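Dear colleague,

I am passing on the structure we spoke about, and below it I have set out what was found. Please read the notes with the structure open beside them.

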Amino acid sequence: MQNVKKYFPWSVRILISGLFLLSAFAKIYPDPSFYFSITAFEFKQLVPMGFTMETAVYFSRIIIGIEFAIGILLLFPYNIKKIIIPATILMLAVFSVHLIIEILTGGNQGNCGCFGALLPMTPLQALIKNLLSIGLLTLVLYKFSNELVEKNNILITTNITTLCILALFMLIPIQKKTTVSPSPTGYTEDTTIVKDSIIVKPITDSTKKDDIVIKDTTKKIIEVAGPKKVKSIYSKYFPKIDEGKKILCFFAPTCD
């Protein structure tokens with residue numbers, strides 16, 4: 001029994017810490033630039049919750065940074081009973097409420113995104129994982145409270161959390177939106193007004209009949225001059241994309 005009291009709290013803390021660190025890492029895995037994975041997280045998880053894309057890009061980095069911070073702070077004694085464990089339980093509870101709503105409205109379908117593409121989980125599986133984690137942390141907090149060594153140092157707690165959040169913004173900086181938008185043809189929009197002009201070219205069609213040359217100059221080719229061609233914004237990614245006729249395909253990260 002003594003060994004249980006001694007090792008159980010640490011076992012739970014290490015387990016939950018690993019889950020949070022894995023969850024945070026999985027949301028930016030496996031894209032080397034991190035942008036695809038975090039954008040998929042924003043589109044699939046945050047936008048359906050009511051966030052706009054303008055606010056989702058900030059909230060995604062903050063929430064992943066907090067997950068990293070919790071994963072680290074659970075392994076240290078600083079404010080473990082007063083702040084860290086209660087904050088972890090609260091965060092898991094908020095996630096659980098979201099999962100319950102998702103199950104009730106959309107069913108237990110697809111990947112909930114808790115561990116990104118690294119470890120797909122259905123909403124029900126994620127909910128069970130969260131409820132078990134809440135139960136274990138609550139048991140540690142109230143049943144094994146005396147076994148938790150706590151040091152009151154709010155400065156270390158806030159510094160680690162702030163550093164983790166700032167690290168996400170530095171690692172995956174928010175990209176500025178370009179003011180130039182692509183046109184359906186793959187070329188940038190040109191604000192210069194170009195009037196449509198018709199160029200008429202006569203063609204001489206000569207036929208020979210009974211040694212008599214008959215010339216027909218009635219046939220014409222009508223060419224309609226299109227918009228003024230400008231350099232494509234995608235030319236830095238695809239050489240000669242703005243030369244001739246090309247098909248430029250776009251990939252939507254929201255598509256499973």
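In which hand does α2 pass α3 at their crossing? Before the answer, please keep in mind that this is a predicted model. The crossing in which α2 passes α3 is right-handed. Helix α2 covers residues 35-46, and it packs against α3 at an angle of about 110°, the two axes lying 10 Å apart. Angles from 65 to 115 degrees count as roughly perpendicular, and α2 and α3 are therefore roughly perpendicular to each other. On the α2 side the residues that meet α3 are Tyr35, Ile38, Phe41, Glu42, Phe43 and Leu46, while α3 brings Met53, Ala56, Val57, Phe59, Ser60, Arg61, Ile63 and Ile64. Sorted by class, this contact of α2 with α3 holds 11 nonpolar residues, one polar residue and two charged ones.

Helix α3 also packs against helix α6, which runs over residues 154-171; the axes of α3 and α6 come within 8 Å and cross at roughly 135°. That angle makes α3 oblique to α6, and the crossing of the pair is right-handed. From α3 the contact draws on Tyr58, Arg61, Ile62, Ile64, Gly65, Ile66, Phe68, Ala69, Ile72 and Leu73, and from α6 on Thr157, Ile160, Thr161, Cys164, Ile165, Leu168 and Phe169. The residues of this contact of α3 with α6 divide into 13 nonpolar, three polar and one charged. Arg61 and Ile64 are named in the contact of α3 with α2 and again in the contact of α3 with α6.

Between α3 (53-73) and α4 there is a loop, and Asn79 is found in it. The phi of Asn79 is near 55°, which is a positive value in a residue other than glycine, and Asn79 is buried, with a relative accessible area of 5%. Lys240 may be set beside Asn79: Lys240 is likewise not a glycine, and its phi is positive at about 60°. Lys240, however, has its place in the segment after β4 (220-224), and with a relative accessible area of 57% it is exposed.

Helix α4 comes next. At 1.5 Å a residue its 27 residues should span 39 Å, and the C-alpha atoms at its ends are 37 Å apart, which agrees. The buried residues of α4 include Ile80, Ile84, Ile85, Thr88, Ile89, Met91, Leu92, Ser96 and Leu99. Just after α4, Gly107 takes a positive phi of about 85°.

Helix α4 (residues 80-106) packs with helix α5 (residues 123-143) at an angle of about 155°, and their axes are 9 Å apart. That makes α4 roughly antiparallel to α5. The contact of α4 with α5 is made up of 18 nonpolar, five polar and two charged residues, and α4 passes α5 in a left-handed crossing.

Within α5 there is one residue to look at by itself, Ser133. Is Ser133 buried or exposed? Ser133 is buried, with a relative accessible area of 6%. Its C-alpha atom is separated by 9.4 Å from that of Thr88, although the two residues are 45 apart along the chain. Once its neighbours within four places in sequence are left aside, Ser133 is in contact with Ile16, Leu19 and Leu92, and both Leu92 and Thr88 are among the buried residues of α4.

With kind regards

Technical notes
Residues are numbered from 1 along each chain as its sequence is written. This is a predicted model: local features need pLDDT of at least 70, side-chain atom pairs count only at pLDDT 80 or more; totals for chains, interfaces and linings use all residues. Side-chain values use heavy atoms; hydrogens and water are left out. Axes are lines fitted to C-alpha atoms, for helices over the stretch in contact, and angles run from 0 to 180 degrees between N-to-C directions. Helices (H or I, at least four residues) and strands (E, at least two) are DSSP runs, numbered from the N terminus. Angles under 35 degrees count as roughly parallel, over 145 as roughly antiparallel, 65 to 115 as roughly perpendicular and the rest as oblique. A crossing is left-handed if the near helix is turned anticlockwise from the far one by less than a right angle, and right-handed if clockwise. Ala, Val, Leu, Ile, Met, Phe, Trp, Tyr, Cys and Pro count as nonpolar, Asp, Glu, Lys and Arg as charged, and the others, Gly among them, as polar. Buried means under 20% relative accessible area, exposed over 50%, partly exposed in between (1.4 Å probe, protein chains only). Contact means heavy atoms within 4.5 Å. The expected span of a helix is 1.5 Å times one less than its number of residues.
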